[in-house]
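Ready for some practice at reading a protein model? Grab a pencil, take a look at the picture, and work through the exercises below.

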Amino acid sequence: MSGSACPSMGFGCQELVLFGPARRAGVRLWLLNFSALPESMRHYASVLTADEKERWRRFRCPRAAFGYAACRWHLRCLLLSLFGKQAVAWRIGVRSCGKPFVQAPPGRFTPFFNLSHSGSYGCIAVAAGQPVGVDIEPHEPHAWLGAVQRRWHATERRHARRGTAAFYDIWTRKEAVLKARGCGFGDATVPEPLVLAAPIEAQGAPDLGRPLRVGDVRLVSVPAGADVSLALAWWPGGRTAEQQHQLEV
């Protein structure tokens, strides 16, 4: 990880203020607005590893390719800024499920992070002590929204009928929890559907001051703008399980 490749991030990357349990858990979160970033896609792609470049080239949508490269450029900047010289020796690996993680020499400290990008937005979550998951989605209508909802619990479908924003609130919460646990919707170890609406009704909406408990994961929705949904999850006590996964890569 090159320290010279990442000067000041400047416009387009803003740290969101977290408070309450998320802040006490040591989680930090940054929001990226790709339309405000000053550099070209070629610039952001310059820090990608060979494996990352291979995946980057597979994106058919230029906007998605830009988001992928920009998120990873800013991730490297943040790790260097937060953790200093030790981050120079770190590499970004990818688990078999697709979740990226920090690779470091054996026995060395490694933080946890997670990325998400969609449309004109991206976000990066970093935590020193526990796995994190994050998901961001702009409120864009798509023909496949109805098909996705058919796999959801009836309570979730009722919530999603309130509008596009309600749909993406549910979607991002599901994704954030699964990503914190290091799995995805297609993981055979995860019951389908992952029901979040029922506990949300019982415990209240997951805002920053009152995270939702989904098993052993904590979940919050984070305000990021009127046209976007953003969810953040962290897994207290998940460090051992996550490190074991990394050893198996």
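**Exercise 1.** How many bridges join β7 to β10, and do they run parallel or antiparallel?

*Solution.* Before counting, know your model: it is predicted, local features need pLDDT of at least 70, side-chain atom pairs count only at pLDDT 80 or more, and totals for chains, interfaces and linings use all residues. Residues are numbered from 1 along each chain as its sequence is written, and side-chain values use heavy atoms, with hydrogens and water left out.

Step 1: find the strands, which are DSSP runs of E with at least two residues, while helices are runs of H or I with at least four, all numbered from the N terminus. Step 2: count. Seven bridges join β7 to β10, and the two run antiparallel. Two strands pair if DSSP finds at least two bridges between them. Step 3: pick out a detail, such as proline 138, which stands opposite valine 228 in β10.

**Exercise 2.** Work out the order of the strands in the open sheet of four.

*Solution.* Step 1: start from β8 (residues 212-214), which pairs with β9 over three bridges in the antiparallel sense. Leucine 212 has leucine 219 of β9 as its bridge partner. Step 2: move on to β9 and β10 (residues 228-234), which are antiparallel too, over four bridges. Here valine 220 is partnered by leucine 232 in β10. Step 3: put it together, and the order reads β7-β10-β9-β8. That leaves β7 (132-138) and β8 as edge strands, each pairing on one side only.

**Exercise 3.** Find the glycine with a positive phi in each hairpin.

*Solution.* Step 1: in the hairpin of β8 and β9, two residues lie between the strands, and glycine 215 has a positive phi near 65°. Step 2: the hairpin of β9 and β10 has six residues between its strands, and there glycine 225 takes a positive phi near 135°.

**Exercise 4.** Are the residues of β9 buried or exposed?

*Solution.* Step 1: set the cut-offs. Buried means under 20% relative accessible area, exposed over 50%, and partly exposed in between, using a 1.4 Å probe and protein chains only. Step 2: check β9 (residues 217-221), where five of five residues are buried. Step 3: split them by direction: Val217, Leu219 and Ser221 point one way, Arg218 and Val220 the other.

**Exercise 5.** Why does threonine 155 count as buried?

*Solution.* Step 1: locate threonine 155 in helix α6 (residues 154-160). Step 2: threonine 155 counts as buried because its relative accessibility is 9%.
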